[in-house]
Protein chains: 2
Amino acid sequence: MSTRESYRHGDLRRALVKAGTALARKGGPAAVVLREATRRAGVTAAAAYRHFADHQALLEAVCASAQALVAIAIEREQAELTATGDPREDAIARFRAVGQGYIRFARAEPNLFRTAFLPSQDLHGIDDPARAGRTGKTPFRLLTSALDDLVVSGAMPPQRRTGAEFLAWSGVHGLATLAIDGPLRALDPKLTDMLTERVIDMVQEGLLITPQAKGTS
Amino acid sequence: MSTRESYRHGDLRRALVKAGTALARKGGPAAVVLREATRRAGVTAAAAYRHFADHQALLEAVCASAQALVAIAIEREQAELTATGDPREDAIARFRAVGQGYIRFARAEPNLFRTAFLPSQDLHGIDDPARAGRTGKTPFRLLTSALDDLVVSGAMPPQRRTGAEFLAWSGVHGLATLAIDGPLRALDPKLTDMLTERVIDMVQEGLLITPQAKGTS
DNA sequence: CTCCGATGTATACGGTGTTAACATATGGGG
DNA sequence: CCCCATATGTTAACACCGTATACATCGGAG
């Protein structure tokens, strides 16, 4: 299997997704144009149709690839944590790391982020391995796992668990959107840092028991 | 100024925005295509360039028009409230109506909603009259006004006011996004109704003092 | 070795954004 | 009242995109 440089590409599908992801990185979803991807792969436009039904299929593959990058960012954020010994506290830290990783990725790679969470992502791909990080979990699964751990560790009452993933995602995804596309875009990054903490605080307070925990600090 | 039906259109700009908005209503931002808009206005494609610098400019005008519709939806939601006499409670109700109107609009007109809050809207148009509703306020101003009222009425401590608009918007916008593009899309609308309430509760608890105040009424 | 399926090519079509040159209606100044 | 400058629309063309069809070639299974 010597990598022949003839017109037989080898693994064109992967090459197209890679090129498409590069296009998405600078330019967002609209920039992932089929012909340019094939051009970068050194191939004719029509060749793409041997691996993708149409442009939309390519875009979805790129979207899945971008989501995998989000998952990796979250996993990295969680990997940097140091255990305290207190399972409740650790579970909370892992939960917060999901939000931090999510928003950090959005700000670091806004175009990839926009591509990752396009109006095509529904629950059908919620466990798609192509959307998963090194742990095999998609961003959504990383969140639900963190929430499950909150319950197991006793930090979160079980009756608050239902739908909690949507509450958490709402707050974090909303801030990410505002930070890269909305009014926060031009503001001081420090402010966004603070707002990130406050949003996660807000979500945490909304999900966990202790409303008093929010000190007047 | 009899509306001549000659090739002199009268107010082509308005006609194009109207046609573009109709396109956006079914099909989202990607569907607002310049040539089709001119076609519907009974005019050649090139004519659009007398009123818009390029396709992006038309799209932004349509976006502003869609935002105005969001503002109107919020205003309608607020107009349906009945005063209780308690200024704090009324302020809270008006605040919650912003979120309810926002999410309700997103679910009723998802394509217009996607168009309204495109990655082009930054703070520069935050007071653009084209983005405003009948009260002259844009959706963002309706939110900040509601928050200001919360402070004035004493329902919200002033030190929590800073950045509150971003926290509130984050939660509500995030849920709206999930409801129309995300995993919530295919789920039971009743669940989304409940989550809407819970998100608004969460935001309210995060911003106000009294966590007990949230009535399930 | 031969043949056949998988993969890439060549070419063409319609649609889109955009531009340049041209035409006409409109309204204000001589 | 006329005339012409300007605003507004038309015509025609270009480059690009997604996509389909017919053809060419590689590479392995029999």
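Helix 8 of chain A has among its buried residues A:Thr192, A:Leu195, A:Thr196, A:Arg198, A:Val199 and A:Ile200, and, further along, A:Met202, A:Val203, A:Gln204, A:Gly206 and A:Leu207. The structure is a predicted model, and the points below follow this helix outward to the contact between chain A and chain B and then to the relation between the two copies.

**Helix 8 of chain A**
- The cover over the buried residues of helix 8 of chain A comes from both chains, and it includes helix 4 (87–108) and helix 7 (164–180) of chain A as well as helix 7 and helix 8 of chain B.
- Because each residue should add 1.5 Å, the 19 residues of this helix (residues 189–207) should span 27 Å, and this agrees with its end C-alpha atoms, which are 27 Å apart.

**The contact between the chains**
- Chain B brings 34 residues to the contact, and chain A likewise brings 34 residues.
- On the side of chain B that touches chain A, helix 7 (164–180) and helix 8 (189–207) of chain B each supply at least two residues.
- Helix 7 of chain B gives the most to that side, with 11 residues.
- Sorted by character, the residues on the side of chain B that touches chain A are 19 nonpolar, nine polar and six charged.

**How the two copies are related**
- A turn of 180°, with a shift of 0.0 Å along the axis, lays chain B on chain A with an RMSD of 0.1 Å.
- This relation is that of a two-fold axis.
- Both copies use the same surface, since 100% of the contact residues of chain B recur in chain A.

Definitions and conventions. Residues are numbered from 1 along each chain as its sequence is written. Chains are lettered from A and ligands numbered from 1 in the order in which they are written. This is a predicted model: local features need pLDDT of at least 70, side-chain atom pairs count only at pLDDT 80 or more; totals for chains, interfaces and linings use all residues. Two residues are in contact if their C-beta atoms, placed from the backbone, lie within 7 Å. Helices (H or I, at least four residues) and strands (E, at least two) are DSSP runs, numbered from the N terminus. Ala, Val, Leu, Ile, Met, Phe, Trp, Tyr, Cys and Pro count as nonpolar, Asp, Glu, Lys and Arg as charged, and the others, Gly among them, as polar. The expected span of a helix is 1.5 Å times one less than its number of residues. A residue is buried if 20 or more other C-beta atoms lie within 10 Å of its own, exposed if 12 or fewer, and partly exposed in between; C-beta atoms are placed from the backbone. Copies are superposed by least squares on the C-alpha atoms of residues with pLDDT of at least 70 in both.
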